Amino acid sequence: MPIMTQNPPSLRPDLARAQVTDTRRAGQPTIGMVSLGCPKALVDSERILTRLRAEGYAISPDYAGADAVIVNTCGFLDSAKAESLDAIGEALKENGRVIVTGCLGAEPDYIREHHPQILAVTGPHQYEQVLDAVHGAVPPSPDPFIDLLPATGVSLTPRHYSYLKIS
């Protein structure tokens, strides 16, 4: 079972300081996340994962354990676009159910030209549209007695620093 290799180990959701547990309750939907690009994209990924955890989704560190995978892309440089397309292709190959968001998501035709089988494409800062796409692909199943988050939410950065997004 391949681990989502696009993220450095310190940025993988399964190693986040919020201590997301690996155990799933029966019937709990699970989402994987690959976050590429700048610190702004990382903050967006943290916000999306925090909302999904609050809605009852588990976070998977690998493709096989996820019901769907979100790829938060970068589209700043041609090399970043190529890396994003490679990450989307890897997620499609390993999981098959992929939602694309982030800066490259502002070019949905470009993405669909290379990967027409993706479930949805949203642009940067479109958290609600990402959540809607996840809900459409994998309906939520919250349990208010179990699905509690730490006050800080889900963090993808090491303990000694955090990014603040100002835009």
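How many salt bridges does a search of the whole structure find? The search finds three. The model described here is predicted, and the salt bridges offer a convenient way into it before the strands, cores and helices are considered.

## Salt bridges

The table sets out each pair with its distance.

| Pair | Closest N to O distance |
|---|---|
| Arginine 51 and glutamate 55 | 3.7 Å |
| Arginine 51 and glutamate 128 | 2.8 Å |
| Lysine 81 and glutamate 107 | 3.3 Å |

Arg51, Glu55 and Glu128 are linked in a network of salt bridges. Within this network, the side chain of arginine 51 meets that of glutamate 55, and arginine 51 also forms a salt bridge with glutamate 128. Because arginine 51 lies in helix H1 and glutamate 128 in helix H4, the latter pair ties together parts that are 77 residues apart in sequence. The three members are not alike in their exposure. Arginine 51 is partly exposed, with a relative accessible area of 35%, and glutamate 128 is likewise partly exposed, at 42%. Glutamate 55, in contrast, has a relative accessible area of 18% and is therefore buried, the limit being under 20%.

Lysine 81 forms a salt bridge with glutamate 107. This pair also links distant parts of the chain: lysine 81 belongs to helix H2, while glutamate 107 is in the loop between S4 and H3, and the two are 26 residues apart. Lysine 81 is buried, with a relative accessible area of 16%, whereas glutamate 107 is partly exposed, at 31%.

## Strand S4 and its partners

Strand S4 comprises residues 98-102 and is mostly covered, since five of its five residues are buried. In a regular strand the side chains alternate between the two faces of the sheet. In S4, Val98, Val100 and Gly102 are on one side and Ile99 and Thr101 on the other, and both faces are covered.

S4 pairs with two strands. Strand S3 (residues 68-73) runs parallel to S4 and is joined to it by five bridges; here valine 71 stands opposite valine 100. Strand S5 (residues 120-121) also pairs with S4 in the parallel sense, over two bridges, and in S5 the bridge partner of valine 100 is valine 121. Valine 100 thus has a partner in S3 and another in S5.

A helix accompanies each of these pairings. S3, helix H2 (residues 78-94) and S4 make a right-handed β-α-β unit. S4, helix H3 (residues 108-114) and S5 make a right-handed β-α-β unit as well.

## Nonpolar cores

The largest nonpolar core has 20 residues, of which Ile31, Ile48, Leu52, Ile70, Ile99 and Val134 touch the most other members. Strand S1 (30-35), helix H1 (39-54), S3 and helix H4 (127-137) each supply at least two residues of this core. H4 provides the largest share, six residues. A second, separate core of 17 residues includes Ala91, Val100, Ile118 and Val121.

Isoleucine 99 of S4 illustrates the surroundings of one member of the largest core. Residues up to four places away in sequence being set aside, isoleucine 99 touches Val69, Ile70, Val71, Leu119, Ala120, Ala133, Val134 and Ala137.

## Helix H1

H1 has 16 residues and reaches 23 Å from its first C-alpha to its last, close to the 22 Å expected at 1.5 Å a residue. Its buried residues are Ala41, Leu42, Val43, Asp44, Ser45, Glu46, Ile48, Leu49, Leu52 and Arg53. They pack against S1, strand S2 (58-60), S3, S4 and H4. After H1 comes glycine 56, whose phi is positive, near 100°.

## The segment after H4

Which residue is found in the segment after H4 and is in contact with Pro29? Valine 138 is found there, and its relative accessible area of 7% makes it buried. Its neighbours within four places in sequence left aside, valine 138 is in contact with Pro29, Ile31, Tyr57, Asp67, Ala68 and Arg97. One of these, tyrosine 57, is 81 residues away from valine 138 in sequence, yet their C-alpha atoms are 9.2 Å apart in space.

Key:
Residues numbered from 1 in each chain as written. Predicted model: local features only at pLDDT ≥ 70, side-chain atom pairs only at ≥ 80, totals over all residues. Heavy atoms only, no water. Buried < 20%, exposed > 50% of the residue type's maximum accessible area, 1.4 Å probe, protein only. Helix = DSSP H or I, 4+ residues; strand = E, 2+ residues; numbered from the N terminus. Pairing = 2+ DSSP bridges. Right-handed = clockwise from strand over helix to strand, strands pointing away. Core = buried A, V, L, I, M, F, W, Y, C linked by side-chain atoms within 4.5 Å. Contact = heavy atoms within 4.5 Å. Salt bridge = Lys/Arg side-chain N within 4 Å of Asp/Glu carboxyl O. Expected span 1.5 Å × (residues − 1).
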